[in-house]
Amino acid sequence: MAGALSSLAFGSVGGSAFERRAATRDPAWVKWLILGLSLSFFAIFILLPLIAVFVEALRKGWGTYITALSEPDALAAVRLTLIAAAIAVPLNLIFGVSAAWAIAKYQFRGKNALTTLIDLPFSVSPVVAGLVFVLVFGAQGWFGSWLGDHNIRIIFAVPGIVLATIFVTFPFVARELIPLMESQGREEEEAAIVLGASGLQTFWRVTLPNIKWGLLYGVILCNARAMGEFGAVSVVSGHIRGQTNTLPLHVEIVYNEYNFAAAFAVASLLALLALFTLILKTIIEVRAASQVAKA
Amino acid sequence: MFPMIFRRGLVGAMLLASLASLPAAAQTEKALLNVSYDPTRELYADFNNAFSKYWKEKTGEVVKISQSHGGSGKQARTIIDGLEADVATLALAYDIDEIAERSGKLPKDWQTRLPNNSSPYTSTIVFLVRKGNPKGIKDWNDLAKPGVSVITPNPKTSGGARWNYLAAWGYALKTNGGDEAKAKEFLAAIFKNVPVLDSGARGSTTTFVQRGLGDVLLAWENEGFLSINEFGPDKFEVVVPSLSILAEPPVTLVDEVAKKHGTTDVAKAYLDYLYSPEGQKLAAKHYYRPRKPELADPADNARFPNVTLFTIDDVFGGWQKAQKTHFADGGTFDEIYQPK
């Protein structure tokens with residue numbers, strides 16, 4: 001990261017063609033103003049909070065940090081977060097591929113409506129998303145009494161948390177794949193079929209390799225959101241310690257118990273997840289770019 | 001590409017399988033869920049351990065007690081929506097009335113089933129100020145003065161906030177000779193000084209002590225003392241007003257849920273244990289006023305300041321009436337509070 005920053009700040013010594021020509025060169029103060037503005041924004045809004053999380057987490061030393069993370073309720077929160085992501089991400093992967101396939105490769109009535117509706121979870125507030133599940137599956141909700149009679153628990157239990165997670169992470173994979181598959185068109189698949197490949201073979205050998213970087217990128221974003229979601233999950237969780245708290249909810253609970261070091265220790269796990277996501281994302285972008293360059 | 005995808009599917013399937021097997025393993029022990037309000041976290045963390053030990057010795061059964069905490073009104077709503085609480089230990093009777101009313105999971109006369117209006121401990125509302133009391137806050141009328149910033153949670157969602165509000169109202173009536181219109185003006189002046197309404201008592205406490213907002217926090221007595229314990233007497237002090245309200249946080253069995261879980265006996269014993277010497281001792285230790293102070297540690301009892309207390313029944317004619325007049329939609333609170 002430091003390397004990237006310094007190349008941003010000093011890498012312009014050689015300058016681009018635009019910068020070398022007096023006619024197209026911005027005045028020096030404009031350049032430094034814009035650079036300074038964006039870098040200080042970055043430092044204040046991104047870098048500072050990130051550093052603060054780790055400083056607070058380690059304020060009472062590594063011992064407290066490890067204890068906070070190995071406490072049973074924290075482990076339960078980690079486990080629940082992993083379970084929710086392990087169910088939500090593969091389901092949204094399947095959905096995302098099939099939706100993108102349908103939209104990119106077929107013509108059908110209501111296609112535009114579907115494309116728009118896929119984005120719904122992005123445009124609706126997560127709290128509303130959570131409340132919808134309470135209205136549908138809650139004891140006073142549409143299916144509430146039926147579920148109660150059959151002793152099936154959805155909200156305030158793991159299934160509700162998984163449902164809410166699926167809802168908020170719904171668009172990530174599809175959004176990533178639709179433009180990609182639309183731009184690739186159907187020619188390669190048609191060629192494969194003409195050459196005698198079966199449908200499944202075409203998918204595995206032609207389509208999947210073409211979309212794999214986009215797909216991975218979508219999956220990573222989907223996973224990051226699935227593990228980090230707070231609002232919708234908070235509404236359907238019931239906040240039972242050690243049972244229905246995901247990592248973000250656990251952070252809030254521990255913070256409210258004046259256990260600030262522990263709260264930030266758990267928060268640092270989420271921050272690490274974010275950093276890891278960024279690194280993976282960068283690797284994938286580089287790989288994808290080199291693949292495009294080769295082709 | 002394929003093997004990787006297959007492997008991922010396999011891992012997913014294994015995770016699902018292990019998930020499915022989780023609840024089965026937990027059935028060998030009894031489990032209780034206590035859905036409580038915000039500031040009781042420390043009390044019940046302690047009490048649950050004591051009760052588990054007691055129950056193990058008495059019956060040989062292992063009982064695991066889980067906790068959920070939040071604003072009292074919000075917690076009641078969650079139980080109505082289906083959170084399967086075996087016992088509810090909330091901030092005020094009205095919230096449990098609502099559960100009885102809307103979900104039918106417990107009888108409407110629930111409050112008569114245990115002694116002392118089903119409240120094994122009481123509390124009151126005090127002020128927490130910054131060390132040295134820089135704004136010189138002594139009593140309720142100081143809160144209405146311009147330039148004083150007051151932190152209290154939202155009466156719509158928090159039980160503590162409703163007690164705060166009613167305590168101020170009771171003080172106003174007492175000092176102005178029972179004039180309701182003047183009391184309303186007084187409350188409006190106080191709420192003009194409130195910069196932020198958190199949804200629960202604990203949220204307000206962190207706003208005041210951690211984020212450093214406000215000159216005075218209207219707090220549960222136990223919450224005020226706890227903050228001093230956590231952050232040191234060199235930072236905060238408790239100011240006791242001339243008059244306050246007797247807050248009775250009630251507890252109850254949620255009959256239908258306990259019946260379904262087969263936990264009625266243990267849930268009842270759990271609530272009874274709150275009235276036992278051990279329960280009363282723990283309540284006093286965590287700054288809740290025990291109903292039977294003679295059972296608690298005298299050193300703990302000595303920490304409670306003398307306050308003149310009035311009850312909600314005396315001044316407001318009970319929770320149902322107070323709720324309807326003040327906190328229901330279009331009630332007095334809605335009339336006096338304009339969000340900034």
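Two strands are said to pair if DSSP finds at least two bridges between them. Helices (H or I, at least four residues) and strands (E, at least two) are themselves DSSP runs, numbered from the N terminus. This is a predicted model, in which local features need pLDDT of at least 70 and side-chain atom pairs count only at pLDDT 80 or more, while totals for chains, interfaces and linings use all residues. Residues are numbered from 1 along each chain as its sequence is written, chains are lettered from A and ligands numbered from 1 in the order in which they are written, and side-chain values use heavy atoms, with hydrogens and water left out.

## Chain B: the sheet E2-E1-E3-E10

Strands of a sheet pair through backbone hydrogen bonds, either parallel or antiparallel. In chain B, 4 strands form an open sheet with mixed pairing, in the order E2-E1-E3-E10. Strand E2 (63-69) and strand E10 (251-253) of chain B stand at the edges; each has a single partner strand, so one side of each lacks a neighbour in the sheet. On average, and with direction ignored, neighbouring strands of this sheet are turned by 20° against each other.

Within the sheet, strand E1 (residues 30-36) and strand E3 (residues 87-89) of chain B pair in the parallel sense over 3 bridges. B:Ser36 stands opposite B:Thr89 in E3(B). Helix H3 (residues 72-80) of chain B lies across E1, E2 and E3 of chain B and runs at about 135° to E1(B). For such angles, axes are lines fitted to C-alpha atoms, for helices over the stretch in contact (heavy atoms within 4.5 Å); the angles run from 0 to 180 degrees between N-to-C directions.

## Chain B: the sheet E6-E7-E5-E8

Another open sheet of 4 strands in chain B has the order E6-E7-E5-E8, again with mixed pairing. Its edge strands are E6 and strand E8 (236-239) of chain B, each of which pairs on one side only. Helix H8 (residues 201-209) of chain B packs on the sheet and touches E5, E6, E7 and E8 of chain B, its direction making about 150° with that of E7(B). Helix H9 (residues 221-231) of chain B also packs on the sheet, touching E5, E7 and E8 of chain B, and its direction makes about 115° with that of E7(B).

Burial is expressed by relative accessible area: buried means under 20%, exposed over 50%, and partly exposed in between (1.4 Å probe, protein chains only). Strand E7 (residues 216-220) of chain B is largely enclosed by the rest of the structure, because 5 of its 5 residues are buried. Strand E5 (residues 125-130) of chain B runs antiparallel to E7(B) and is joined to it by 5 bridges; B:Ile125 has B:Trp220 as its bridge partner in E7(B). Strand E6 (residues 150-151) of chain B pairs with E7(B) in the parallel sense over 2 bridges. Here B:Val150 is the bridge partner of B:Val216, and B:Ile151 stands opposite B:Leu217.

B:Ile151 also serves as a reference point for B:Glu294: the two are 143 residues apart in sequence and 35 Å apart in space, C-alpha to C-alpha. B:Glu294 is placed in the loop between strand E11 (289-290) and helix H13 (298-301) of chain B. With 63% relative accessibility, B:Glu294 counts as exposed.

## Chain A: overall character

Chain A contains 16 helices and 0 strands. Its C-alpha trace spans about 75 × 60 × 30 Å along the principal axes. Of the 295 residues of chain A, 39% count as buried. Among contacts in chain A between residues at least 6 apart in sequence, 70% join residues at least 24 apart.

## Chain A: two buried positions

The table sets out two residues of chain A; the contacts leave aside neighbours within four places in sequence.

| Residue | Helix of chain A | Relative accessible area | Contacts |
|---|---|---|---|
| A:Asn92 | H5 (residues 72-105) | 2%, buried | A:Ile166, A:Thr169, A:Phe170, A:Val173 and A:Cys222 |
| A:Thr202 | H13 (residues 199-228) | 4%, buried | A:Glu189, A:Ala192, A:Ile193, A:Ala197 and A:Thr207 |
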